[in-house]
Amino acid sequence: MEFQDFEFFKNQCLVGGQWLSNGQSVNVLNPASGEVLTQVPLFAEQETQQTITAAANALPGWRAQAANERAKYLKAWHQLLIKHSEQLAYLMSLEQGKPLAEALGEIKYAASYIEWFAEEARRVYGQTIPGHGRDKRIVVSHEPVGVCAAITPWNFPAAMITRKVAPALAAGCTIIVKPALETPLTALALAALAQQAGIPDGVFNVITGNAEPIGETLTASTVVRKLSFTGSTPVGAKLMAACAPTVKKISLELGGNAPFIVFEDADINLAVEELIKSKFRNAGQTCICANRIYVQQGIYQHFSKLLAARVAELNVGVGTEPSTDIGPLISESAVQKVEQQLADGVEKGGQVIIGGKRHALGGTWFEPTVLINACEDMLCAKQETFGPMAPLFSFENEEQVIAEANNTEFGLAAYLFSNNVNVITRVSEALEYGMVGINTGVISTAVAPFGGIKASGSGREGSHFGIDEYTELKYLCYHISDQ
Ligand code: SIN
């Protein structure tokens, strides 16, 4: 079956329950072949305003539903994602390039946010607070923020949407999603399935188009009360400034520069395996990928050899081929960034022990690469690589590695491998990061609060904290008379 025949395939925008185009469109490309998959509309200011109105019109009806009614819609949507997971994964792999197994994993991960927040919808508990006088009673409740907007990235075309949309809908908000232009088809497919699940018109809208006109209209609107963004730090900072005049609530999940620290007493084989998962997931294109790998001196050589041997086993290819471990990068500029960091690393004394260049397949494939003798003045120590290159730094002691790991403006994820509970406790407490993986390279789950500090953003997604991002507190102060 061709992907165009999938029952959820759409190449129009969903606005107030209507599938719309506007006569202007942009190509959606397969990054593996450069082939045009289809075209999607290029919406701008006028269509964005129309969508804001649709979301505002749907708000009173949606927020008035009982929490368990909203939960039922979310559960139906979750079921549809699971039912169509194989086809959704195929579509995602086509437009994004990631291996099929990873795409399927992402669809299940995306679905898990919907399931989680369907359950959380019924647990948005308030509080009563002892009054400040004999005649006073205080009741606190959470109310939906209102119309929300989400701007989402291409690296996780499904999960970054559901972890914003599901809590928004569970809380009683309506939402407008603007997905990345590289990967709109997964977003539109999610919207088609939400519609099939019976989610009322206007509650969940998806519009495609250039970031500037849509972003400017959403951020300037007084009707939109919340913006959630996943993407780069410079864009996040711009959006934050654009939200200031209307004082919107905002959540930002931005860039990272994750240290991955391996102490001499660690289980080295485990550390290598977990590094492979963390570093090479999505060809290194995640914000929580291990970016700087710190290995203690005594095991540095052994660790490098084991890692190079494991990297040699990774299969580079087309994402939709079941044997592929590493797909193409999203764009030519993504490849150039890896090349630039690598050239800089080699010039400053680094040595490539495996990989190190564009892959023979051509296009935007890059060989999975290990660079040893990395040091703090290299670009790869300072910037997020967002590609399949693993630089190995060596360290002497705890104090040194903590200082180096924290020497970045970012604070999203960090990883630490040791079998000594004292080291684990001291180092994890000293790391200035929102998330720390201890003896694991896999920290993503709907049940934990995902997010960072410093230039990595603010707010949390997932877990019972995630729904708070879509509610406002209201307190009622009662005067109770004696009679
Ligand atoms: C990201 O870091 O880009 C998201 C990854 C995740 O949720 O696992």
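This passage describes a three-stranded sheet, a pair of helices in contact and two loop residues in a predicted model.

Residues are numbered from 1 along each chain as its sequence is written, and in this predicted model local features require a pLDDT of at least 70, side-chain atom pairs count only at pLDDT 80 or more, and totals for chains, interfaces and linings use all residues. Side-chain values are based on heavy atoms, with hydrogens and water left out.

Helices (H or I, at least four residues) and strands (E, at least two) are DSSP runs numbered from the N terminus. Three strands are arranged as an open sheet in the order 5-6-22, with antiparallel pairing, where two strands are taken to pair if DSSP finds at least two bridges between them. Strand 5 (127-129) and strand 22 (471-479) are the edge strands, each pairing on one side only, and the twist from one strand to the next averages 25 degrees. Nine bridges join strand 6 (residues 136-144) to strand 22 in the antiparallel sense, and His 142 is placed opposite Leu 473 of strand 22.

The axes of helix 9 (residues 268-280) and helix 10 (residues 300-312) come within 10 Å and cross at roughly 50 degrees; axes are lines fitted to C-alpha atoms, for helices over the stretch in contact, and angles run from 0 to 180 degrees between N-to-C directions. The two helices, helix 9 and helix 10, are therefore oblique to each other, given that angles under 35 degrees count as roughly parallel, over 145 as roughly antiparallel, 65 to 115 as roughly perpendicular and the rest as oblique. On the side of helix 9, the contact (heavy atoms within 4.5 Å) involves Ile 268, Asn 269, Ala 271, Val 272, Glu 273, Leu 275, Ile 276 and Phe 280, and on the side of helix 10 it involves His 302, Phe 303, Leu 306, Leu 307, Arg 310 and Val 311. Ten of the residues in this contact are nonpolar, two are polar and two are charged, with Ala, Val, Leu, Ile, Met, Phe, Trp, Tyr, Cys and Pro counted as nonpolar, Asp, Glu, Lys and Arg as charged, and the others, Gly among them, as polar.

Positive phi values in residues other than glycine include that of Val 247, near 45 degrees, and that of Asn 373, near 60 degrees. Val 247 belongs to the loop between helix 8 (233-243) and strand 11 (249-253) and, at 63% relative accessibility, counts as exposed, whereas Asn 373, in the loop between strand 15 (369-372) and helix 12 (379-382), counts as partly exposed at 38%. For these classes, buried means under 20% relative accessible area, exposed over 50% and partly exposed in between, with a 1.4 Å probe and protein chains only.
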